[in-house]
Amino acid sequence: MTTSTTGAGIAGLTIHGKDFSAEIAYEGATLLNWRPLLADGNEGENLVDGYSTPAELQSQNGVRNGILAPFTNRIPDGQFRFGVEMHRIEPVLAHEDLVFHGFARALPFILDRSFEENEAHVLVFRTEISPSDFKGYPYHLAIEVEYQFSGHAVTIDIRGINGDDRPLPFAAGWHPYFRLPGLVSIDDLHLTLPSRTAIETDADLIPLPNGQAGILKRDDATFLSAAPLASHVLDVCFTDLIASENGLYETRMENRQDGSSLTVWQERGHMHVFTGDTLARDRRKSIALEPVETPTNAFNQPGLAAALTLQPSETRSFRFGFRFEAAR
């Protein structure tokens, strides 16, 4: 493992294993690239389309591979009620107009510990938020991001740790962009997503209400079995996920020409899909398959209050990962 700057000139570390190499930025504990080693021993393509320059990281355009915590996606005007208190969060970065994707993506992390376990390389990054750090979020929260690299698979665990003497709201997710070797467009991919239901939103991607305790959903089984991504423009949260035989929720993208595939799995939550049509760089060259603990604007959903609440000294974990299968 090498610590200093990555190949992109971003402060972080590089790690090499028997079957992979990866780079992680200290800012946001952000995975910049992950390359599988091929059968011939050569390094393969970067399959996670992360930030390519320090300036791009600072811009946060597309939130490439961003760790989402303590909230995921958008909060309209930054306003929410928690318990009896009303709060208003301001945009995370000065150049941003919206309140979205949490604070963690732009915070400095430290490498808290690293070790090998069962032939896997494990790195744990940590940051802390104090009550005065962010207006509208007056809590003491520690966030840990654990990466476990093993062969052609990566497991990620985001943990929220309440260091306060009162409850606080917390939810986590990840905003990765994936591609497969040799393809120049996601239009050449097939997607399988274990869901028959999607969340209806307004023009600002905020879920529409359905009564006092729910959000409006629609039937959408487009990708319940493998279907081509060509012609689909998506920025949609799929919900009511259907578990695989192993008990996990698995979303799969594949190149049917050579049989290569990448599967994103999660233990619970929802899957938000974004086809990258508005990115500043390389539109539709990769696809965001985002495992999220809660849907957009969860802090304003009364029915989710119990799931969001992190009690004093409590730790909650959101675990997911991905695995790559090379061409046949």
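# A tour of the model, stop by stop

Leaving aside residues up to four places away in sequence, arginine 179 touches Asn46, Leu47, Asp49, Met253, Lys285 and Ser286. Select arginine 179 together with these residues to begin. The model is a predicted one. Arginine 179 sits in the loop between β14 (177–178) and β15 (190–192). Follow its side chain: it reaches the backbone oxygen of asparagine 46 at 2.9 Å. Then add phenylalanine 223 to the selection. This residue is 44 residues from arginine 179 in sequence, and the C-alpha to C-alpha separation in space is 18 Å.

**The sheet**

From the loop, move on to β15 and select strand β20 (residues 249–254) as well. The two strands pair in the antiparallel sense, over three bridges. For a fixed point on this pairing, pick threonine 192, which stands opposite arginine 252 in β20.

Now widen the selection to the open sheet that contains both strands. The sheet has nine strands in the order β8-β9-β10-β11-β25-β21-β20-β15-β18, and the pairing is antiparallel. At its edges stand β8 (110–117) and β18 (227–228); each has a single partner strand, so one side of each is left without a neighbour in the sheet. Strands of a sheet pair through backbone hydrogen bonds, so backbone atoms are the ones to display here.

**Strand β11 and its two neighbours**

Select strand β11 (residues 153–162). Of its ten residues, nine are buried, so the strand is mostly covered.

Take the pairing with strand β10 (residues 141–150) next. Ten bridges join β10 to β11, and the two strands run antiparallel. Within this pairing, alanine 142 has isoleucine 161 of β11 as its bridge partner. The hairpin of β10 and β11 has two residues between the strands, and in it glycine 151 takes a positive phi near 60 degrees.

Then turn to strand β25 (residues 315–325). β11 and β25 are also antiparallel, with nine bridges between them. Valine 154 can serve as the marker, its bridge partner in β25 being phenylalanine 322.

**Leucine 310**

Which strand holds leucine 310? Its place is in strand β24 (residues 309–310). The relative accessibility of leucine 310 is 0%, and buried means under 20%, so this residue counts as buried. Show its surroundings: apart from residues up to four places away in sequence, leucine 310 touches Leu141, Gly160, Ile161, Asn162, Arg166, Pro167, Leu168, Phe170, Thr315 and Arg316. Of these, glycine 160 is worth a distance label. Leucine 310 and glycine 160 are 150 residues apart in sequence and 8.1 Å apart in space, C-alpha to C-alpha.

**Threonine 294 and the cavities**

Select threonine 294, in the loop between β23 (287–292) and α2 (305–308). Is threonine 294 buried or exposed? At 5% relative accessibility, threonine 294 counts as buried. Its contacts, not counting residues up to four places away in sequence, are Thr72, Ala171, His270 and Leu308.

Threonine 294 also leads to an enclosed space, one of two cavities of 30 Å³ or more in the structure. The second largest cavity has a volume of about 30 Å³. It is lined by Phe71, Thr72, Arg74, Ile75, Ala171, Thr294, Pro295, Asn297, Ala298, Phe299 and Leu308. By class, this lining has seven nonpolar, three polar and one charged.

Keep Pro295 selected, since it is named in this lining and in that of the largest cavity. The largest cavity holds about 60 Å³ of space. Its lining residues are Ile199, Thr201, Leu205, Pro207, Asp235, Val236, Cys237, His272, Pro295 and Thr296. Strand β19 (residues 235–239) gives the most to this lining, with three residues. Six of the lining residues are nonpolar, three polar and one charged.

**The pockets**

Finish with the open spaces. The largest pocket has a volume of about 550 Å³. Of the 23 residues that line it, Gly62, Val63, Arg74, Phe100 and His101 are the closest to its centre. The lining of the largest pocket has seven nonpolar, eleven polar and five charged residues.

For the second largest pocket, the volume is about 180 Å³. It is lined by 14 residues, and Ile75, Pro76, Asp77, Leu98 and Val99 lie nearest its centre. This lining divides into seven nonpolar, one polar and six charged.

Methods
Residues numbered from 1 in each chain as written. Predicted model: local features only at pLDDT ≥ 70, side-chain atom pairs only at ≥ 80, totals over all residues. Heavy atoms only, no water. 1 Å grid on protein atoms, 1.4 Å probe; cavity = no way out; pocket = protein on both sides within 12 Å on 5 of 7 lines; lining within 4 Å. Points joined across faces, edges and corners; volume = space filled by probe spheres on them. Nonpolar A, V, L, I, M, F, W, Y, C, P; charged D, E, K, R; others polar. Helix = DSSP H or I, 4+ residues; strand = E, 2+ residues; numbered from the N terminus. Buried < 20%, exposed > 50% of the residue type's maximum accessible area, 1.4 Å probe, protein only. Pairing = 2+ DSSP bridges. Contact = heavy atoms within 4.5 Å. Polar contact = N/O pair within 3.5 Å; in protein donor to acceptor, adjacent residues only side chain to side chain.
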